[in-house]
Amino acid sequence: MDTNVILECWRIGAWPALSSGYRVETVEKCVTETQTGYQRRRAEQHVDQAVLQASLAAVHRPETKELAMVAVKAPDIALDLGERALWAHALTRNDNWILCGPDKASFDSLSLDSFSS
Amino acid sequence: MTANIIGTRLKALREERKLSQDELARIFGFKDRQTVSAIETGERRVSAEELLTAVEKLGASLDYFTDPFLLAGEGRFSWRQSGVGVPRLDAFERVAGRWIAAYRTLAPQVGRPIPLLRRTLGITPRHSFEEAAAAGERFAKEFELGDVPAARLAEVMERELGVLVLMVDATKGVSGAACRLPALDAVLINRREPPGRRHFDLAHELFHILTWDTMPPAHVEEASEQSKNRVEQLANSFASGLLMPGAVLNRFGSWDKDMVRRLNTTANALEVTATALKWRLIALSRLDRAVGSQASDTALRNNGRSRGTGDPAAPLFSKPFVEVIAHAIDHGRVTARRAADLLDMTLEDLADLCAAHGVEALFDL
């Protein structure tokens with residue numbers, strides 16, 4: 001789950017229901033971006049990092065090689081750091097997953113077709 | 001620059017490190033330099049493993065090779081400033097470079113190609129100030145800037161010359177800058193300066209853009225309408241001629257009587273500074289130098305308006321720039337958050353910026 005979605009769920013009070021009903025995972029960069037000063041929103045949410053991390057099924061930290069893979073596959077799409085890390089993790093998984101994010105840039109360019117080789 | 005960003009950056013770093021293609025081929029473990037050449041020209045895509053090798057062996061970050069909003073060794077700036085130290089100027093240059101790099105990357109992706117051709121002006125240091133001013137007058141006439149050339153200059157620079165014009169919140173002391181990339185020219189103007197200063201700086205930087213190949217401006221120049229540097233003096237003469245053509249000044253009659261008031265009101269009408277107008281009239285011999293010196297700087301400051309009577313700042317950046325950003329978000333070329341990071345603003349500020357320029361904010365808050 002991307003930063004903006006986490007923040008919006010938190011804002012409307014839907015996070016407890018979402019995180020308890022589904023196996024919600026994210027990456028470290030997205031957790032960082034939920035914190036005050038990084039949200040890029042006028043009215044910032046106070047997201048307790050400890051509470052957030054405890055409610056997540058997993059928080060991943062993609063390796064440089066995974067980030068490099070995203071970079072070479074979509075070199076001309078300007079993703080923010082959180083989304084780039086999210087895709088770098090997601091696209092190296094072997095199981096089924098759903099990625100939830102708000103940006104066209106995230107989905108238009110990084111379709112699974114572009115990673116077939 | 002877009003899809004071959006990695007190859008372009010690799011070549012820039014190789015040249016900076018003074019490595020041959022053969023040497024780089026050995027670093028990568030390629031059998032010959034042709035593979036390096038193919039990567040640098042974009043004929044061959046680099047693999048993720050090779051990118052990691054470049055990061056490790058050349059000591060550059062992954063972002064260096066992959067961030068499209070970075071001027072890596074490209075872009076020469078010429079700053080018009082007063083009293084700004086090198087560290088602050090360098091820091092602002094890095095920020096401004098990202099805006100320009102972003103436009104260069106995103107504009108072609110949303111149907112706004114960078115101009116194929118570049119215009120030049122045939123003024124050299126051997127030309128006189130009068131010839132530079134005459135060139136400015138001719139520019140105003142041929143590009144049909146009208147009775148108030150200042151009002152349309154930015155639009156003409158953008159539309160006819162393909163110059164990116166950005167009104168910016170510059171670091172204190174910076175009036176403006178011209179920036180030259182291999183395929184794009186840009187001008188930055190401090191949007192909080194009075195309109196007359198902004199317009200003069202814009203015309204001055206335009207001169208540098210048009211004459212860069214023959215008279216490259218210094219990296220840093222003192223912001224003064226009375227500079228002693230010849231290139232700067234020619235730029236000032238060009239700007240004066242462009243903003244205050246003789247034919248335009250004709251309609252304001254003679255300057256014998258009530259000089260200070262007439263300088264101030266005429267300067268306001270032409271959207272220039274009264275001081276610049278005074279010197280222009282003296283250069284045209286329409287105002288005697290001795291008589292003109294009676295108009296003190298104090299009387300002409302702020303075109304005679306009292307302190308605290310400020311003009312509103314120009315809207316931030318420019319409509320073409322904001323349109324490109326908004327369309328790039330809508331076309332999936334950049335995320336809204338990345339765009340907000342680039343401009344160092346919140347998503348709400350980004351939406352307001354779009355609204356200020358009459359551009360639809362095509363992203364959800």
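User: Does B:Asp344 count as buried or exposed, going by its C-beta neighbours inside 10 Å?

Analyst: This is a predicted model, in which local features need a pLDDT (the predictor's confidence in each residue, from 0 to 100) of at least 70 and side-chain atom pairs count only at pLDDT 80 or more, while totals for chains, interfaces and linings use all residues. Residues are numbered from 1 along each chain as its sequence is written, whereas chains are lettered from A and ligands numbered from 1 in the order in which they are written. A residue is buried if 20 or more other C-beta atoms, placed from the backbone, lie within 10 Å of its own, exposed if 12 or fewer do, and partly exposed in between. B:Asp344 has 11 C-beta neighbours inside 10 Å, so this residue counts as exposed.

User: In which loop does B:Asp344 lie?

Analyst: Helices (DSSP runs of H or I, at least four residues) and strands (runs of E, at least two) are numbered from the N terminus. B:Asp344 has a positive phi of about 55° although it is not a glycine. Its place in chain B is the loop between α17 and α18.

User: Which other residue, not a glycine, has a positive phi of about 55°, and where is it found?

Analyst: The residue is B:Glu144, which takes this positive phi without being a glycine. B:Glu144 has 10 other C-beta atoms within 10 Å, so it is exposed. In chain B, B:Glu144 is found in the loop between α7 (129–142) and α8 (149–161).

User: Which element gives the largest share of the side of chain B that touches chain A?

Analyst: Two residues are in contact if their C-beta atoms, placed from the backbone, lie within 7 Å, and by this rule 28 residues of chain B are in contact with 25 residues of chain A. On the chain B side, α1 (5–16), α4 (48–58), α5 (62–66), α17 (336–343) and α18 (347–356) each supply at least two residues. The largest share, 5 residues, comes from α17(B).

User: How many residues of the side of chain B that touches chain A are nonpolar, polar and charged?

Analyst: The classes are nonpolar (Ala, Val, Leu, Ile, Met, Phe, Trp, Tyr, Cys and Pro), charged (Asp, Glu, Lys and Arg) and polar (the others, Gly among them). Sorted in this way, the residues on the chain B side divide into 14 nonpolar, 6 polar and 8 charged.

User: Which element of chain A helps to cover the buried residues of α4(B)?

Analyst: The buried residues of α4(B) are B:Glu50, B:Leu51, B:Leu52, B:Ala54 and B:Val55, and just after this helix B:Gly59 takes a positive phi of about 65°. The cover over the buried residues includes α1, α2 (21–28) and α5 of chain B, together with an element of chain A, α5 (64–73).

User: How far apart are the C-alpha centres of domain 2 and domain 3 of chain B?

Analyst: Chain B is assigned domain 1 (5–66), domain 2 (76–243) and domain 3 (319–356), with bounds that come from an automatic or database domain assignment. Where domain 2 and domain 3 of chain B touch, the contact takes 12 residues from domain 2 and 10 residues from domain 3. The C-alpha centres of these two domains are separated by 24 Å.

User: Which element gives the largest share of the largest nonpolar core?

Analyst: A nonpolar core is a set of buried Ala, Val, Leu, Ile, Met, Phe, Trp, Tyr and Cys residues joined through C-beta atoms within 7 Å. The largest one has 121 residues, of which B:Leu166, B:Val187, B:Leu188, B:Ala203 and B:Phe238 touch the most other members. The largest share of this core, 10 residues, comes from α6(B).

User: What is the radius of gyration of chain A?

Analyst: Chain A has 7 helices and 2 strands, and 38% of its 117 residues count as buried. The radius of gyration, taken over C-alpha atoms, can be set against the globule rule of 2.2 Å times the number of residues to the power 0.38. That rule gives 13 Å for 117 residues, and chain A is close to it, so it is as compact as a globular protein of that length, with a radius of gyration of 14 Å.

User: Which residues of chain A have a pLDDT that stays under 50?

Analyst: Chain A has a mean pLDDT of 86, with 91% of its residues reaching 70 or more, while chain B averages 92, with 98% of the residues scoring at least 70. Where pLDDT is low, the predicted coordinates should not be read in detail. In chain A, the stretch that stays under 50, for which the model has 5 contacts beyond four places in sequence, is residues 112–117.
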